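Work through the exercises below with the coordinates open. Each task is followed by a solution in steps.

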Amino acid sequence: EDSNFKLASGDLNLTSFKNSYYDPQGDTLYKRSEYLVPGSVHTENKMSYKYGYLEIRAKVPYKEGCWPSFWLRSHNSTEKQANPDFEVEVDVLEVFGSKDTMSSNLHQQSYNGNSYNTSTSSINDMEVHTFENASNLSQEYHTYAFEWEPDRMAIYVDGELQCEWNIDRVSLWSYGLKANITGFDTTMNILFNNHLFT
């Protein structure tokens, strides 16, 4: 039987494949899903992370319809255990169907009882990285890294600084975020996944 997760030669493969039971009029979400995608590889309720250097070496699809991502979010954020004000999401790597570009971002999320309100950082396009010589990009391994210090977060691509955020009230405000720094000193979960969209 097909599996979305396979370990082979020391590599973890996350594979999306066509759903043999696909029916756009199906009575379940499973049947209405044209492609089956792996769930997130994550550390929620297993391990959380605070401060230090974290990296992943991965071959990800830079292709139309693909949305691979390597990201972190406040510890057990789905259960609201982290803090009362803000949850933090750090997108180290996201590819929104691009053939040569990845994005990084920093979000604050507050919950008002009914829905999330999300603030997204903006630092003059530093959060976007375009690869040169991208003709074989989907077949290449690259190293994506996150460095977290009490007053700074930074993203690296193949050892080169991609973008960084200073974690203080003035800097957060200048990025378009709320100046409240609650959530930047709590542990976060690590996630890696690949979704498809049409």
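**Exercise 1. The largest pocket**

Find the volume of the largest pocket, then describe its lining by residue, by element and by residue class.

Solution. The model is a predicted one.
Step 1: the largest pocket holds about 700 Å³ of space.
Step 2: its lining comprises 27 residues, and those nearest the centre are Leu12, Asn13, Leu14, Lys59 and Phe192.
Step 3: at least two lining residues come from each of strand S2 (11-14), strand S5 (41-42), S6, S7 and S15. S15 gives the largest share, with 5 residues.
Step 4: by class, the lining has 15 nonpolar, 8 polar and 4 charged residues.

**Exercise 2. The chain as a whole**

State how many helices and strands the chain has, what percentage of its residues count as buried, and what part of its contacts joins residues 24 or more positions apart.

Solution.
Step 1: the secondary structure consists of 2 helices and 15 strands.
Step 2: 44% of the 198 residues count as buried.
Step 3: take the contacts with a separation of 6 or more; 62% of them are between residues 24 or more positions apart.

**Exercise 3. The largest nonpolar core**

Identify the residues of the largest nonpolar core that touch the most other members, and the elements that supply two or more residues to this core.

Solution.
Step 1: the core has 35 residues, and Val90, Tyr144, Phe146, Met153 and Trp165 touch the most other members.
Step 2: two or more residues come from each of strand S6 (52-58), strand S7 (66-74), strand S8 (87-94), strand S9 (101-111), strand S12 (142-149), strand S13 (152-157), strand S14 (160-166) and strand S15 (188-196). The largest share, 4 residues, is that of S8.
Step 3: take Met153 and set aside its neighbours within four places in sequence. Its contacts then are Val90, Leu106, Phe146, Glu147, Trp148, Cys163, Glu164, Trp165, Ile167, Phe184 and Met188. Val90, Phe146 and Trp165 in this list also appear among the residues named in Step 1.
Step 4: as background, nonpolar side chains tend to be buried together in soluble globular proteins.

**Exercise 4. Strand S7 and its partners**

Determine how S7 pairs with S15 and with S8, and how many of its residues are buried.

Solution.
Step 1: S7 and S15 run antiparallel and are joined by 9 bridges. One of the residue pairs is Ser74 with Met188 in S15.
Step 2: S7 also pairs with S8, in the antiparallel sense, over 5 bridges. Here Trp71 has Asp91 as its bridge partner in S8.
Step 3: 7 of the 9 residues of S7 are buried, and the strand is mostly covered.

**Exercise 5. Three residues by accessibility**

Decide whether Ile190, Gln162 and Gly183 are buried or exposed, and place each in the fold.

Solution. The cut-off for buried is under 20% relative accessible area.
Step 1: Ile190 is found in strand S15. It counts as buried because its relative accessibility is 11%. Beyond four places in sequence, it touches Val41, His42, Thr43, Met47, Tyr49, Leu54, Phe70, Trp71 and Leu72. Thr43 is 147 residues away from Ile190 along the chain, yet their C-alpha atoms are separated by 5.6 Å.
Step 2: Gln162 belongs to strand S14. At 10% relative accessibility, Gln162 is therefore buried. Its contacts beyond four places in sequence are Ser104, Met126, Glu127, Val128, His129, Ile155, Tyr156 and Val157.
Step 3: Gly183 sits in the loop between helix H2 (169-174) and S15. Its relative accessible area is 1%, so Gly183 is buried. From C-alpha to C-alpha, Gly183 is 5.5 Å from Glu87, although the two are 96 residues apart in sequence.

**Exercise 6. Positive phi outside glycine**

Describe phi, the loop and the exposure of Asn133 and of Asp158.

Solution.
Step 1: most residues other than glycine have a negative phi.
Step 2: Asn133 has a positive phi, near 50°. Its loop runs between strand S11 (128-130) and S12. With a relative accessible area of 70%, Asn133 is exposed.
Step 3: Asp158 also has a positive phi, about 50°. Asp158 lies in the loop between S13 and S14. Its relative accessible area is 38%, so Asp158 counts as partly exposed.

Technical notes: Residues are numbered from 1 along each chain as its sequence is written. This is a predicted model: local features need pLDDT of at least 70, side-chain atom pairs count only at pLDDT 80 or more; totals for chains, interfaces and linings use all residues. Side-chain values use heavy atoms; hydrogens and water are left out. A nonpolar core is a set of buried Ala, Val, Leu, Ile, Met, Phe, Trp, Tyr and Cys residues joined through side-chain atoms within 4.5 Å. Buried means under 20% relative accessible area, exposed over 50%, partly exposed in between (1.4 Å probe, protein chains only). Contact means heavy atoms within 4.5 Å. Two strands pair if DSSP finds at least two bridges between them. On a 1 Å grid over the protein atoms alone, a cavity is a set of points where a 1.4 Å probe fits but cannot get out, and a pocket is an open set with protein on both sides within 12 Å along at least five of seven lines; lining residues have an atom within 4 Å of a point. Grid points are joined across faces, edges and corners, and a volume is the space filled by probe spheres set on the points. Ala, Val, Leu, Ile, Met, Phe, Trp, Tyr, Cys and Pro count as nonpolar, Asp, Glu, Lys and Arg as charged, and the others, Gly among them, as polar.
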